[in-house]
Amino acid sequence: MRYTIPMELYQLRQLVAFAEYGTLSKAAEMVHMSQPALSRSMQNLEAELGVPLFSRTKNHIALTEVGVLAAQHAHVVVSAHDDMIGAIREADRRLRSFSFGSIAPAPMWELAPIASKVFTGKTIQSDLQETEVSLIRGLDNGTYNLIILLHPIEEKKPDGTPRYICKAFVREELSVVLPVSHQLAKRKKLQLQDLAGEKLLIYNNIGFWYSVCKQKIPDAVFLEQSEHSVLREIVHASELPSFITNITNTNNAIPDNKVVIPLSDPEVNVQFWCVCLAENAREYQALFKAIEGHL
């Protein structure tokens, strides 16, 4: 005759906690209950199993050999339960949201409204990173549905098929904004190194642009701002050089006493690429079509 043992998941968690921490007092602390309550719960578990799991003396309690085995199985059950909950919630999140990461902010601003129109009813989430390595890792592990990089990825799977699908997105070109009285203001083009030693206004949440400017402009002093609105006010009110791109230029009026000079460094005249896993290409066909229409 087969009997159903009415043990509860919380009891298995408690058993696992005792096996991990070795004492009732520490295990009780970790499962947020009193020591007497934990002791009674473990006694109930033993009664339900019909097997002693603990050896008890006046001042000591320890798992028996069978208790150790029970704790090992309890750990498997608890882990499987937690994995199931995590997988279900993650699947639900993916169905309800579209998440993408980008190496720069401007393509994020361009892609978000496109994705909102394509994935009606989904939450659009975006994330800015300074390195492509972190973005690719996030795409591979499911953190992102799509990423925006500075170049396509040609990697193949073991069977020779493409691992990623890459679509060209927007281009962005960096320029410097100088007061008309600046000694470089009459130049048609500049390089970043021409700004050596300058005090420069810069927004500090700009992805890969930040490290490029830091590396390519010797001895510059960067006056960093974390709010776009504050930065715009300072740009209008001061004589300090600042930066602008062909994309951000559409949102920022240039003061009459300033000039915009393009920068010729290839590192700051870039093509962005939208990248997704090849296995998801069909799912994002409508998005890629909308991107092509946008371009």
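Okay, let's start at helix H7, residues 208-216, where the buried residues are Phe-208, Trp-209, Tyr-210, Val-212 and Cys-213. Keep in mind as I go that this is a predicted model. So what covers the buried residues of H7? The cover includes helix H5 (105-118), strand S6, strand S7 (199-203), strand S8 (221-225), strand S9 (242-245) and strand S11 (269-277).

Just past H7 there's a backbone oddity. Asp-219 has a positive phi, about 60°, and yet Asp-219 is not a glycine. You'll find Asp-219 in the loop between H7 and S8. Is Asp-219 buried or exposed? Exposed, with a relative accessible area of 69%.

There's another residue like that, so let me take it now. His-32 isn't a glycine either, and its phi is positive at about 60°. His-32 sits in the loop that links helix H2 (24-30) to H3. His-32 is exposed too, with 70% relative accessible area.

Right, the cores. The largest nonpolar core has 60 residues. Which residues have the most contacts inside that core? Those would be Leu-146, Phe-169, Ile-217, Phe-243, Phe-272 and Leu-287. Strand S6, residues 164-179, gives this core its largest share, 7 residues. As a bit of background, nonpolar side chains in soluble globular proteins tend to be buried together.

Let me zoom in on Ile-217. If you leave out residues up to four places away in sequence, Ile-217 touches Leu-192, Leu-195, Ala-196, Leu-200, Phe-222 and Phe-243. Phe-243 is, again, one of the residues with the most contacts inside the largest core.

Apart from that core lies another one, of 19 residues, including Leu-15, Phe-18, Phe-54 and Ile-61.

Leu-15 gives me a way into helix H1, residues 9-21, and I'll look at two of its packing partners. Take H3 to begin with, residues 35-49. The H1 and H3 axes come within 10 Å and cross at roughly 110°. Anything from 65 to 115 degrees counts as roughly perpendicular, so H1 and H3 are roughly perpendicular to each other. The crossing of H1 past H3 is left-handed. On the H1 side you've got Tyr-10, Gln-11, Gln-14 and Leu-15, and they meet Leu-38, Ser-41, Met-42, Asn-44, Leu-45 and Glu-48 of H3. Sort the residues of that contact by class and you get 5 nonpolar, 4 polar and 1 charged.

I'd like to pause on Gln-11, which lies in H1. How exposed or buried is Gln-11? Buried, with a relative accessible area of 1%. And what is Gln-11 in contact with, leaving aside its neighbours within four places in sequence? That list is Ser-41, Met-42, Asn-44, Leu-45 and Glu-48.

The other partner is helix H4, residues 65-96. H1 and H4 pack at about 125°, and their axes are 9 Å apart. That angle makes H1 and H4 oblique to each other, and their crossing is left-handed. From H1, the contact uses Leu-9, Leu-12, Arg-13, Leu-15, Val-16 and Ala-19. From H4, it uses Ala-70, Ala-71, Ala-74, His-75, Val-77, Val-78, His-81 and Asp-82. By class, the H1 and H4 contact has 10 nonpolar, 2 polar and 2 charged residues.

Now back to H5, which we met as part of the cover over H7. H5 packs against helix H9, residues 285-294, at an angle of about 130°, and their axes are 10 Å apart. H5 and H9 are therefore oblique to each other. Which hand does the crossing of H5 and H9 have? Right-handed. Glu-110, Leu-111, Ile-114, Ala-115 and Val-118 of H5 meet Ala-286, Leu-287, Ala-290, Ile-291 and His-294 of H9. The class split for the H5 and H9 contact is 8 nonpolar, 1 polar and 1 charged.

Last stop, Pro-162. Pro-162 is in the loop between strand S5 (146-149) and S6. Pro-162 is partly exposed, with a relative accessible area of 37%. Along the chain, Pro-162 and Leu-277 are 115 residues apart, while their C-alpha atoms are separated by 8.8 Å. Not counting residues up to four places away in sequence, Pro-162 touches Glu-155, Lys-156, Lys-157 and Ala-278.

That's the tour, thanks.

Key: Residues numbered from 1 in each chain as written. Predicted model: local features only at pLDDT ≥ 70, side-chain atom pairs only at ≥ 80, totals over all residues. Heavy atoms only, no water. Axes fitted to C-alpha atoms, helices over the stretch in contact; angles between N-to-C directions. Helix = DSSP H or I, 4+ residues; strand = E, 2+ residues; numbered from the N terminus. Parallel < 35°, antiparallel > 145°, perpendicular 65-115°, else oblique. Left-handed = near helix turned anticlockwise from the far one by under 90°. Contact = heavy atoms within 4.5 Å. Nonpolar A, V, L, I, M, F, W, Y, C, P; charged D, E, K, R; others polar. Core = buried A, V, L, I, M, F, W, Y, C linked by side-chain atoms within 4.5 Å. Buried < 20%, exposed > 50% of the residue type's maximum accessible area, 1.4 Å probe, protein only.
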